[in-house]
Amino acid sequence: MKTQVVIVGGGPSGLLLSQLLHRKGIDSVVLERKTRDYVLGRIRAGILEVGFVNLMREAGVAGRMDKECFVHDGTVISYGDQQFRVDFEDLTGSHVVVYGQTEVTRDLYDAREAMGGKIVFNVDHVEIHDADTDTPYVTYDMGGTEHRIDCDFVAGCDGFHGVSRQTIPLAVRREYEKLYPFGWLGVLSETPPVHDELIYASSERGFALCSMRNANLSRYYIQCSLSDDPEDWTDKAFWEELKRRIPAEAAERLVTGPSIEKSIAPLRSFVTEPMRWGRLFLCGDAAHIVPPTGAKGLNTAASDIHYLYHGLLQFYETGETEGIDRYSEKALARIWKAERFSWWMTNLLHRFPDQSDFDLKMQRADIEFLRENREAQSVMAQNYVGLPF
Ligand code: FAD
Ligand code: DHB
């Protein structure tokens with residue numbers, strides 16, 4: 001088989017890229033290790049930047065999102081018994097939207113199917129060959145048979161545990177990583193959200209976040225130990241712990257119910273450089289991870305796709321390679337700023353096991369400065385709503 005772009009990974013990054021390319025007449029094949037239902041079963045991000053929404057519109061898949069999403073003009077930050085609001089609209093003239101990654105992915109799968117897009121599920125042993133030449137190709141197993149696709153370019157959109165990043169030789173690749181000594185226990189429940197905006201809560205007992213997916217679907221997180229198992233946490237224990245960490249009046253009106261999903265995610269900052277090797281381009285979690293505080297994970301994947309899509313478009317329309325040649329540099333310049341923001345917000349709001357009394361005072365001073373200082377809030381708001389592409 002032959003195509004123009006092989007896209008390894010059928011998560012949001014890979015699907016969005018294939019949809020954008022398709023609309024410009026550029027042919028691609030998406031190779032996904034799992035099934036569609038498995039991918040849609042993963043509960044992940046919920047907050048989208050306007051830049052992401054615009055890219056979905058450009059891809060012609062924003063119809064349902066535009067109808068069903070919630071616009072959020074601000075967020076609440078609480079610490080101890082105090083709280084304040086950061087007004088994104090007032091500070092930046094922009095906002096974020098609430099629309100789950102599951103729905104984004106579903107809309108993209110539906111659009112790819114409707115347009116006859118090629119997505120191969122259940123592939124095994126994907127290998128990228130000759131990426132440093134002008135004639136790369138990709139092989140994979142399916143149903144016990146090996147298949148080969150020749151192509152012009154390979155987009156590595158296969159997440160943190162994929163094969164694409166590992167294809168870049170160690171002599172070329174440099175990785176930067178920071179692990180945090182805690183995780184997030186997340187619960188999804190069919191209950192009305194406790195507040196009409198998100199609440200990021202720093203408490204003596206650790207961080208908590210009140211988020212949502214829609215008017216009757218809430219998403220809550222609490223900082224937990226890395227050694228915890230989701231099974232260790234009964235629903236009752238989760239709700240009790242959440243209530244202790246959020247403002248008292250929010251705890252009082254919190255509607256609890258059975259969890260329909262419960263999982264623990266470790267927190268990590270990670271960047272690999274460069275994001276391009278020959279004709280292989282890394283996008284999204286394949287190249288970088290942020291800790292979830294600040295909701296930048298999916299949004300950084302979208303900016304990669306924006307840069308790569310425009311680079312490939314320029315190549316196919318004019319033969320110019322400037323866009324693809326500068327892909328890694330442009331993507332990384334934005335990524336590092338999102339890494340900084342997520343690292344800062346994680347440090348601001350979590351309890352660390354080895355924190356001294358001095359460290360706690362520094363954290364408190366940082367939060368109070370944010371509360372009292374419009375410029376500090378403006379810096380936070382600009383980063384939260386998303387830096388320009
Ligand atoms: P992925 O979504 O990981 O998609 C990669 C795809 O590639 C997967 O479908 C995978 O099955 C496939 N794949 C992997 N290896 C291969 C292979 N060898 N061959 C073929 N296919 C392969 N971000 C937020 O902003 N907010 C959150 O609350 C949040 N929560 C998260 C919770 C968890 C547990 C995780 C892991 C991430 C979370 N994120 C969150 C981050 C966000 O979900 C990711 O940034 C986003 O999914 C990145 O999309 P992606 O398409 O680059 O990668
Ligand atoms: C969600 C996740 C985040 O990491 C965040 O900062 C805000 C919201 C969520 O899953 O809804």
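Q: What makes up the shell around ligand 1, by class?
A: By class, 14 residues are nonpolar, 11 polar and seven charged. Here Ala, Val, Leu, Ile, Met, Phe, Trp, Tyr, Cys and Pro count as nonpolar, Asp, Glu, Lys and Arg as charged, and the others, including Gly, as polar. This is a predicted model, in which local features need pLDDT of at least 70 and side-chain atom pairs pLDDT 80 or more, while totals for chains, interfaces and linings use all residues. Residues are numbered from 1 along each chain as written, and chains are lettered from A and ligands numbered from 1 in the order written.

Q: Which residues around ligand 1 are the closest?
A: They are Gly9, Gly11, Gly159, Gly284 and Gly297, out of 32 that surround the ligand. A residue belongs there if its C-beta atom, placed from the backbone, lies within 6 Å of the molecule. Helices α1 (12-23) and α10 (297-318) each supply at least two residues of this shell.

Q: What makes β1 and β12 a pair?
A: DSSP must find at least two bridges between two strands; β1 (residues 5-8) and β12 (residues 153-156) have four and run parallel, so they pair. Ile7 stands opposite Ala155 in β12.

Q: Why are β8 and β18 called edge strands?
A: In the open sheet, the order is β8-β2-β1-β12-β19-β18. β8 (118-120) and β18 (276-277) each pair on one side only.

Q: With which residues is Val154 in contact, leaving aside its neighbours within four places in sequence?
A: Val6, Val8, Ile128, Ala131, Pro136, Val138, Arg279 and Leu280; contact means C-beta atoms, placed from the backbone, within 7 Å.

Technical notes:
Two residues are in contact if their C-beta atoms, placed from the backbone, lie within 7 Å.
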